[in-house]
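Good morning, and thank you for making time for this presentation. Please take a moment to look at the sequence and the structure before I begin.

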Amino acid sequence: KYPTEYAQTQSSLGIVYADLAGVRDREANLDRAIWAFEEALEVYTIEKAPVLYALTQTNIGAAYTELSGVRDKEANLIEALRVFEAALKIRTIDDYPLAYAETLSNMGVAYADLSGVRDREANLTEALRVFEAALKIRTIDNYPLEYAKTQGNLAAAHKELAGMRDE
């Protein structure tokens, strides 16, 4: 009867569960967060609510990235990357540059984490690519905190790649 309100509630619930996962019952609360976000996507479709669709996809991707630290690392990271790609269909550099950079940064983390499971060099290289793309938006002058976080992630990926090549 009230689909928009339902979707808003589910999205808020997903955020609360994702936050709660940082405090207790990590796996169960991340599963709940993903479920709630996916419920919101029943209303937030790419056709009806593209911006909320992309935001929700990014939230799902972040939850899958976190869940990869608990179980099924490879599968959850691949799923995270899939939903981040879906978000980027809306979150383009021209239309939503900050959201675009946020999604790229999240993707970089997922690629860097995936490098620990498979295709180490290729995934680290892809992490570097997306971090560098995010830094085109996240500049030190305009977004210093986001810039610093992304630079830190970029440096860590460079260090991993250099260490791998030294082996």
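Which residues does Leu114 touch, not counting residues up to four places away in sequence? I start with this question, and I should say at once that we are looking at a predicted model. Leu114 touches Glu74, Leu77, Ile78, Leu81 and Asn123. The residue itself is found in helix α5, which covers residues 97–114. With a relative accessible area of 2%, Leu114 is buried, the cut-off for that word being under 20%. There is also a pairing in space to note here: the C-alpha atoms of Leu114 and Lys73 are 7.7 Å apart, while the two residues are 41 residues apart in sequence.

Let me now step back to the chain as a whole. The protein chain has seven helices and zero strands. Read from the N terminus, its elements follow the order α-α-α-α-α-α-α. The radius of gyration is 16 Å, close to the 15 Å that the globule rule gives for 167 residues, so the protein chain is as compact as a globular protein of that length. Along the principal axes, the C-alpha atoms fill a box of roughly 60 × 35 × 25 Å.

How much of the chain is buried? Of the 167 residues, 41% are buried. On the outside, the protein chain exposes about 9100 Å², and carbon and sulfur atoms supply 51% of that area. As for contacts, if we take those with a separation of 6 or more, 55% of them come from residues 24 or more positions apart.

I turn next to charge. The protein chain carries 18 positive and 27 negative charges, and the mean positions of the two groups are 1 Å apart. In general, side chains of opposite charge can pair when their charged atoms come close. How many salt bridges does the structure hold? The number is 11, and I shall describe some of them.

One of them joins Glu66 and Arg26, at 3.0 Å from N to O. Glu66 lies in helix α3, residues 50–67, and Arg26 lies in helix α2, residues 26–40, so this pair ties together parts that are 40 residues apart in sequence. Both partners are partly exposed: Glu66 has a relative accessible area of 40%, and Arg26 has a relative accessibility of 34%.

Another salt bridge links Asp25 with Arg24, where the closest N and O atoms are 3.8 Å apart.

A further example sits within a single helix. Glu79 and Arg82 form a salt bridge whose closest N and O atoms are 2.5 Å apart. Both residues lie in helix α4, residues 73–88, and they are three residues apart, which is about one turn of the helix. Glu79 counts as partly exposed at 21% relative accessibility, and Arg82 is partly exposed with a relative accessible area of 49%. Beyond such pairs, Glu27, Asp31, Arg71 and Asp72 are joined into one network by salt bridges that share partners.

Asp72 deserves a second mention, for its backbone. Most residues other than glycine have a negative phi. Asp72, however, has a phi near 45°, a positive value in a residue other than glycine. Where does Asp72 lie? Its place is the loop between α3 and α4. Asp119 also has a positive phi, of about 45°, although it is not a glycine. Asp119 is located in the loop between α5 and α6, the latter helix covering 120–135.

Two more residues complete the tour. The first topic is Asn76, which is found in helix α4. Is Asn76 buried or exposed? Asn76 is buried, with a relative accessible area of 7%. Leaving aside its neighbours within four places in sequence, Asn76 is in contact with Tyr64, Leu67, Ser68 and Arg71. Arg71, as I said, also belongs to the salt-bridge network.

The other topic is Thr125, in helix α6. Thr125 counts as partly exposed, at 38% relative accessibility. Its C-alpha atom is separated by 8.6 Å from that of Tyr111, and the two residues are 14 residues apart along the chain.

To close, I return to the opening question. Leu114 is buried, and its contacts include Leu77, Ile78 and Leu81. Thank you for your attention.

Technical notes:
Residues are numbered from 1 along each chain as its sequence is written. This is a predicted model: local features need pLDDT of at least 70, side-chain atom pairs count only at pLDDT 80 or more; totals for chains, interfaces and linings use all residues. Side-chain values use heavy atoms; hydrogens and water are left out. Helices (H or I, at least four residues) and strands (E, at least two) are DSSP runs, numbered from the N terminus. The radius of gyration is taken over C-alpha atoms; the globule rule is 2.2 Å times the number of residues to the power 0.38. Buried means under 20% relative accessible area, exposed over 50%, partly exposed in between (1.4 Å probe, protein chains only). Contact means heavy atoms within 4.5 Å. Accessible areas come from the Shrake-Rupley method with a 1.4 Å probe; for residues, only the protein chains shown count as cover. Lys and Arg count as positive and Asp and Glu as negative; His and the chain ends are not counted. The place of a charge is taken as NZ of Lys, CZ of Arg, CG of Asp or CD of Glu. A salt bridge is a side-chain nitrogen of Lys or Arg within 4 Å of a carboxyl oxygen of Asp or Glu.
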